Amino acid sequence: MKPLSLLPPDAARALAGVIFDLDDTVLDHGALTEAAYAALFRLRETGLALIACTGRPAGWGEVLQRQWPIDATIVENGAVALVREEESDVAGHRGGHAPRAGARRVVTLDDLDREARRARRAELIGLANDMVRRFPAAALADDNDQRVTDVTIDIGEHRHVPPEDVQKMRAELRERGVRTLLSSVHLHLTREPSDKATGIMRLLSARFGEDPTRARHRYAFVGDSGNDGVAFAAFVLTFGVANVRAHLGKLSVPPQFVASLPMGRGFAEIAQQIAELRKNAPEP
């Protein structure tokens with residue numbers, strides 16, 4: 001791993017976009033600071049596409065798409081994505097008014113139709129409730145009503161579940177054919193084949209027309225933990241905020257460059273370095 005000061009100018013100038021995790025990367029323990037929010041605008045002003053990629057629920061993604069200067073949000077660890085699309089104001093048109101030019105709506109990109117998705121998730125909820133009954137230290141996470149593909153069990157956000165109980169739950173769920181993903185606060189139950197890296201590549205191909213092999217060189221990824229391991233391995237140019245150092249034992253491929261500051265301040269530091277190198281690029 002290298003300090004940001006060693007980032008080659010040509011690497012920053014060649015980027016088409018930046019993809020970033022949310023919790024403990026842009027957010028400080030769930031809170032968005034002014035510095036981190038301003039960093040998004042700074043990157044945007046240099047012509048970069050911005051894509052958030054998180055384990056957080058689809059409900060979060062919709063809020064981000066409406067309020068943040070980003071092009072897409074990949075949620076629930078790569079399972080679905082949210083984007084904005086132009087539309088006509090149909091309701092206003094029916095009322096006798098002309099369609100509103102440039103109106104935008106948030107669209108969820110999901111491979112399953114609504115009924116199939118509901119059935120799959122209902123099964124996961126049943127399994128999660130069974131785990132909670134048998135392991136009383138755990139509880140269903142409070143964000144499940146905003147999720148569409150997975151179900152989460154609170155193991156560290158408002159509860160403390162012993163690590164041995166978490167491993168027992170994961171082993172039993174695996175025997176039932178359920179994939180589990182572990183973050184610092186949640187145990188995710190899913191039947192989706194996607195992870196963050198495949199979800200990112202699927203979006204870049206379908207919505208941005210990127211060749212997956214070429215996209216590895218044209219986009220950078222910023223993360224903070226072992227849950228970002230597949231994304232660190234998927235891209236050529238990768239960054240970590242300073243708190244990633246505590247998770248290096250879980251990363252087979254660490255980030256190339258690491259900020260000196262943690263969380264949102266570290267993200268702002270990375271954004272500043274990229275933006276300055278791009279701003280000072282010579283005229284073509």
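**Helix 5 and the overall fold**

In helix 5, the buried residues are R117, R121, L124, L127, A128, D130 and M131. The model in which this helix is described is a predicted one. The buried residues of helix 5 pack against two kinds of element: the strands are strand 7 (139-140), strand 8 (151-154) and strand 10 (186-190), and the helix is helix 6 (163-175). Helix 5 itself covers residues 114-134. Its 21 residues should span 30 Å at 1.5 Å a residue, and the computed distance between its end C-alpha atoms, 31 Å, therefore agrees with that expectation.

The protein as a whole contains ten helices and 13 strands. Its C-alpha trace spans about 65 × 60 × 35 Å along the principal axes. For a compact globule of 284 residues, a radius of gyration near 19 Å would be expected; the value for the protein is 20 Å, so the two agree.

Burial and contacts were also computed for the protein. Of its 284 residues, 48% count as buried, where buried means under 20% relative accessible area. Among contacts in the protein with a separation of 6 or more, 58% are accounted for by residues 24 or more positions apart.

At the surface, the protein exposes about 13500 Å². Carbon and sulfur atoms supply 51% of this area. The protein carries 37 positive and 39 negative charges, and the mean positions of these two sets are 2 Å apart.

Key
Residues numbered from 1 in each chain as written. Predicted model: local features only at pLDDT ≥ 70, side-chain atom pairs only at ≥ 80, totals over all residues. Heavy atoms only, no water. Helix = DSSP H or I, 4+ residues; strand = E, 2+ residues; numbered from the N terminus. Rg over C-alpha atoms; globule rule 2.2 N^0.38 Å. Buried < 20%, exposed > 50% of the residue type's maximum accessible area, 1.4 Å probe, protein only. Contact = heavy atoms within 4.5 Å. Areas by Shrake-Rupley, 256 points an atom, 1.4 Å probe, with all protein chains shown as cover. Lys, Arg positive; Asp, Glu negative; His and termini not counted. Charge placed at Lys NZ, Arg CZ, Asp CG, Glu CD. Expected span 1.5 Å × (residues − 1).
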